[in-house]
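Visitor: Hello! I am new here, so could you walk me through what is on display?

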Amino acid sequence: MILTNQHQASGIHDSFIELNKAITLKKLIATQSIRIENLDVYIENQHILRDINLTIPEKSITCIIGPSGCGKSTFLKTLNRMHDESPEVKISGKVFVDDENIYGSHVNVIDTRKKMGLLAQRPCPLPMSIFENVAYGPRIHGIKKRKAVNQTVIQYLQYVGLWDEVRDRVRTSATRLSIGQQQRLCLARGLAIEPEYILGDEATSALDPLSTKKIEELFVKLKEKYTIILVTHTLRQAKRIADHIIFMYLGKIIEAGPTEEFFNNPKKQLTREYLSGSFS
Amino acid sequence: MRRLRAVKDKTVRYFMLGIAIFTILLLIVIGLSLFFKALPIMKEKNLWVLLTSADWKPFKGDFGFLPFILSTFYVSFIAIIIALPFSILTSIYLNSYASKNVRRFFEPVVDLLSGIPPVIYGVWGTLTIVPLIADKIAPGFVEFSTGYTVLAGGVVLAVMIIPLLISIMLEVFRSIPKEMTDASLAMGATKWQTVKKVILRRSVSGIIAATVLALSRAFGETMAVLMVCGNIAQIPHSIFDACYPLPALIANNYGEMLSMPSYESALMFSAFLLFIIVVLFNGLSRFTLNQIERRYQF
């Protein structure tokens, strides 16, 4: 948007330089990805997340693993500020997304959430048609032109491989799709807001193996363009698709590192026990 | 021992079936007894005339129910038109915006409001709404009004059904899974966008059902309406005219008319009419609800 404005204002040459500047700037920022400093989360005076310090590498898949109740989902929710909806949650610390602290005072929560595409545990289509589900995001962010909306919807339905399955019934209710299709629809819906990050909260735990496989393949395809952070229950899934693993236990990060290193050569005793199945 | 348990299980089952059938029978029995009591007047007069005539002179033998039927509908619809926006907005606020403490304060108050006896609403209406209409509102529109009007009935009735509507709608909104609103919020929708496009859309059938229930209640409400709507057997031409709904007609005259068999039968006819209106209305709305749900299976 800004670029085209400048293009009109000054000459082509100037705008070209601006464009280059913008691209390098964007790259610089993008390499920062997500950085978390001294994050603590309390829910009704219970200390859920303890002193999290972390950098999440960009354009890759980071899987967060750990036993139930260790704070994985709570952590994920701090990234798109969904805790804002629950007044009983208190958060301290800093979360830098693209070098900006999203808990800073001047930050607009809507801008933050627009950067994060969320894929929930159970697919949850909105009470509208398949088409409108995908069109929902672009529309709430102000895209009104029918042609642009149509194009976006088709593009993302194709991207998740749903278009051919639903093209003759995009105007029917989304709840009539199978649960695996619904989850792909939710992914398309999340992508349609054009996020930079994708957050998945056990996004395949409700799906059958075949649908799980499809979603996993999509994640692998998506990591070329997006930074993906997944909470997962299954170690095998983490092994299959993750580039980096974060292991959490009782609200703390126990160990984090590249997948291969993590599984083949865990450094902490607790990690070894978890991987060997001593507790879950 | 095992047999005894099986016998007990069966006994309980059939006992409860019996009770359930009894409840349904009650409805049929009430309907039938009203029908037979109303039969004389229906035989004496043409049914069409009874329903469409506006002449109400019981002592001359003229029984036209149109004024009462229209009054019932007018008062109820005014009530629902006033009550719906109030209760939808209130329940949205309580459900999506209010803090826990506000909710904790409001919800018992709403329940309390629906527990206040109708006669108190009636007295309150007579003391405040009626003079307000007579002195302040009506003079702006018509030359003279006593204040005992269709509007007064509608307002008092609205105040009475608002708590009912709010508590049903809160239930409807609460049945929406949190994941759904979260999904919308997580995409960067504002609260208001989420309310408009997800919560309200998902609740359409629930809101319709609540409206129907409130309307049925409004059709039958007697005491409070009777106290403020003037009770003159005429077709009201504006909301500043007096009116005379069916329940008020029955309550005011039953007991006085025992000397005149046709009058008694006429009152029974009006009771039967009210019964049919409510039953038909409920049936019709159930049918439309089914249609809506089938078409938009959300």
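Guide: Happily, and one definition comes first: a crossing is left-handed if the near helix is turned anticlockwise from the far one by less than a right angle, and right-handed if clockwise. This is a predicted model, in which local features need pLDDT of at least 70, side-chain atom pairs count only at pLDDT 80 or more, and totals for chains, interfaces and linings use all residues. Residues are numbered from 1 along each chain as its sequence is written, while chains are lettered from A and ligands numbered from 1 in the order in which they are written.

Visitor: What is the handedness of the crossing of α5(A) and α6(A)?

Guide: Helices (H or I, at least four residues) and strands (E, at least two) are DSSP runs, numbered from the N terminus. In chain A, α5 covers residues 130-140 and α6 covers residues 146-159. By the rule above, their crossing is right-handed.

Visitor: Is the packing of α5(A) and α6(A) oblique or roughly parallel?

Guide: Axes are lines fitted to C-alpha atoms, for helices over the stretch in contact, and angles run from 0 to 180 degrees between N-to-C directions. Here the axes lie 9 Å apart, at an angle of about 120 degrees. Angles under 35 degrees count as roughly parallel, over 145 as roughly antiparallel, 65 to 115 as roughly perpendicular and the rest as oblique. Therefore α5(A) is, relative to α6(A), oblique.

Visitor: Which residues of α6(A) make the contact with α5(A)?

Guide: Two residues are in contact if their C-beta atoms, placed from the backbone, lie within 7 Å. From α5(A) come F131(A), V134(A), A135(A), P138(A) and R139(A). Their partners on α6(A) are V149(A), T152(A), V153(A), Y156(A) and L157(A).

Visitor: Turning to chain B, is F63(B) buried or exposed?

Guide: F63(B) sits in strand β2, residues 62-63, and touches I41(B), K45(B), L50(B), W56(B), P58(B) and A266(B), leaving aside residues up to four places away in sequence. A residue is buried if 20 or more other C-beta atoms lie within 10 Å of its own, exposed if 12 or fewer, and partly exposed in between. F63(B) has 22 such neighbours, so F63(B) is buried.

Visitor: How many helices does chain B have?

Guide: Along the sequence, chain B reads α-α-β-β-α-α-α-α-α-α-α-α-α-α. Beside its two strands, the count of helices in chain B is 12.

Visitor: What percentage of the residues of chain B count as buried?

Guide: The C-alpha trace of chain B spans about 70 × 70 × 35 Å along its principal axes. Of its 298 residues, the buried share is 35%.
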